[in-house]
Amino acid sequence: MTAMNRLEDLRYTMESCNHCGQCKWVAGPRTTGWRFAEICPIHMRHHFDAYSGQGLLNIARELLDGELSYEPGLVDLIYSCTMCGACDTACKSIRDMEVLDTIAALRAHCVDAGHGPPAPLTRAADAIATHGNVFGRPRAERDGWRHTPAREEGGSGPIPEPSSSSEIAYFAGCAACYLQTGIARDSARILAAGGWDVQILGSDEECCGRLLWQTGQWQAAEQQIERNLAIFRRRGIKTLVTSCAECFGAFRGIYPRFAAVEVEVLHISEVIARMLREGALRFDREVDLHVTYHDPCLLGRQSEPYVPWQGEIKSFGLHEPPKTWRRGHDGVYDAPREVLRAIPGVTVTEMARHEENALCCGAGGGVAAANPVLARWTANERLDEAEATGAAAIVSCCPQCRGNFTAALPRRDRALDVFDLTNLAARAL
Ligand code: SF4
Ligand code: SF4
């Protein structure tokens with residue numbers, strides 16, 4: 001393990017939290033009113049400080065100092081956090097601290113102490129170890145999306161044959177391989193339309209391991225990362241294209257904590273934007289739709305590359321040598337918007353909380369598996385915000401977001417559609 005911060009390494013962050021509460025709110029100048037000013041899904045749901053970045057820092061310090069002991073309610077609280085990173089970005093707008101890294105280390109501490117994670121997340125880890133995917137589905141069906149039309153939106157039309165020699169690979173990820181297959185099919189069609197010949201890893205493709213890291217199962221995460229990097233080396237891959245924000249964020253922000261990543265990682269929104277700019281791809285068909293765009297957490301504020309740091313924290317928090325902070329401002333925000341605006345007939349209205357201040361869809365951090373009620377509740381909060389724009393559809397760039405929004409829709413009578421960016425881009429070809 002190269003650059004993993006254990007809980008005891010993050011004492012500076014825990015001890016310098018001054019309880020200012022910024023981690024629960026969109027930064028002042030970016031708020032547009034009371035209704036959509038909160039940023040932490042679990043604080044919005046429970047209205048207790050314990051359910052927030054601030055609260056989790058306090059809990060972590062008290063556990064470390066023996067002032068608090070693990071008990072089932074506490075473990076549930078720790079695993080209610082969606083690991084969305086909104087608290088981290090909000091805190092870093094005023095402070096130099098590592099809130100999200102501390103929450104991640106708290107979960108690893110919980111696992112090391114034998115108290116976590118909740119059962120659905122250990123089952124997911126077992127499924128990854130045995131079958132290479134979080135759902136426990138057969139490995140041989142990993143590229144079944146290429147041969148079977150999707151049940152949901154996306155993927156009509158023939159899927160191009162993959163290349164066996166290209167140095168570019170399309171990495172679909174578990175969700176698009178087994179559940180949201182229209183996203184994988186549309187991604188493959190778009191890449192081919194733009195002239196990119198890509199490898200499909202098929203049964204060689206495995207879960208990215210994001211869930212393992214986020215849920216504190218770091219030993220399993222490290223093994224999964226090593227397996228994937230070995231596959232990329234063996235297949236001669238130089239560039240990896242993902243349509244899943246969670247895989248993308250994992251390769252950019254989690255993998256470098258464990259090992260050097262020698263492949264270039266691109267999200268499909270970046271690839272489409274590049275193809276459009278270079279004239280390799282054109283949108284000829286009109287898609288008459290008013291949309292709002294949802295920034296996935298791991299494509300937005302958590303997609304800045306992780307740069308390992310070792311040094312000394314001096315008075316007033318001065319980091320020596322200087323540290324490269326991931327403040328969430330340089331995530332992939334422009335490319336998806338550029339693509340949407342290039343589709344004839346599409347108009348885009350921003351939600352109140354967008355870019356680094358976007359509200360999580362609710363599915364991250366293992367919450368969709370361990371606490372689906374909370375995941376749907378958060379999705380409904382986001383769908384309320386989407387509806388407030390007057391848009392007819394919410395568009396995201398991640399199968400997890402689309403899955404969670406779609407699952408939440410039947411709870412209310414909403415006149416709102418849910419799409420992935422690839423669905424609309426493929427419709428416009
Ligand atoms: S914003 Fe940072 S310093 Fe302020 S309460 Fe939250 S974690 Fe603590
Ligand atoms: S990561 Fe997200 S859900 Fe967890 S405490 Fe921070 S803002 Fe709240």
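What follows is a walk through two parallel sheets, one helix pair and a few unusual backbone spots in a predicted model.

The sheet with β1 to β4 is a good place to start. Four strands make up this open sheet, lined up as β2-β1-β3-β4, and the pairing is parallel. The edges go to β2 (199-200) and β4 (264-267); each has a single partner strand, so one side of each is left without a neighbour in the sheet. Strand β3, residues 239-242, runs parallel to β4 and is joined to it by four bridges. Within that pair, T239 sits opposite E264 of β4. As background, strands of a sheet pair through backbone hydrogen bonds, either parallel or antiparallel.

A further open sheet, also of four strands, has the order β8-β5-β9-β10, again with parallel pairing. Here β8 (346-348) and β10 stand at the edges, and since each has a single partner strand, one side of each lacks a neighbour in the sheet. Going from one strand to the next, the twist averages 35°. Helix α17, residues 399-408, packs on this sheet and touches both β9 and β10. The direction of α17 makes about 170° with that of β10.

Looking at the pairings one by one, β5 (residues 289-293) and β9 (residues 393-396) run parallel and are held in register by three bridges. T292 has I394 in β9 as its bridge partner. On to the next pair: β9 and β10 (residues 417-420) pair in the parallel sense over four bridges. In this case A393 is bridged to D417 in β10.

Turning to the helices, α3 and α6 pack with their axes 10 Å apart and at an angle of about 45°. That angle makes α3 oblique to α6. The crossing of α3 past α6 is left-handed. On the α3 side the contact involves G53, L56, L57, A60 and L63, and these meet V99, T102, I103, L106 and H109 of α6. Sorted by character, the contact residues come out as seven nonpolar, three polar and no charged.

The backbone has some oddities too, starting with two cis peptide bonds. One joins G116 and P117, with omega at about -5°. P117 belongs to the loop between α6 (99-112) and α7 (119-131), so this cis bond leads into a proline in the loop that comes after one of the helices just described. The other cis bond runs from E320 to P321, and its omega is near -5°. P321 is in the loop between β7 (319-320) and α14 (334-342).Positive phi values also turn up away from glycine. H47 has a phi of about 55° and lies in the loop between α2 (41-46) and α3 (53-64). Is H47 buried or exposed? H47 counts as exposed, because it has 11 C-beta neighbours inside 10 Å, and the cut-off for exposed is 12 or fewer. M83 is another non-glycine residue with a positive phi, near 55°, and is found in the loop between α4 (72-78) and α5 (86-92). M83, however, is buried, because 24 other C-beta atoms lie within 10 Å, where 20 or more are needed.

Note on methods
Residues numbered from 1 in each chain as written. Chains lettered and ligands numbered in written order. Predicted model: local features only at pLDDT ≥ 70, side-chain atom pairs only at ≥ 80, totals over all residues. Helix = DSSP H or I, 4+ residues; strand = E, 2+ residues; numbered from the N terminus. Axes fitted to C-alpha atoms, helices over the stretch in contact; angles between N-to-C directions. Parallel < 35°, antiparallel > 145°, perpendicular 65-115°, else oblique. Left-handed = near helix turned anticlockwise from the far one by under 90°. Contact = placed C-beta atoms within 7 Å. Nonpolar A, V, L, I, M, F, W, Y, C, P; charged D, E, K, R; others polar. Pairing = 2+ DSSP bridges.
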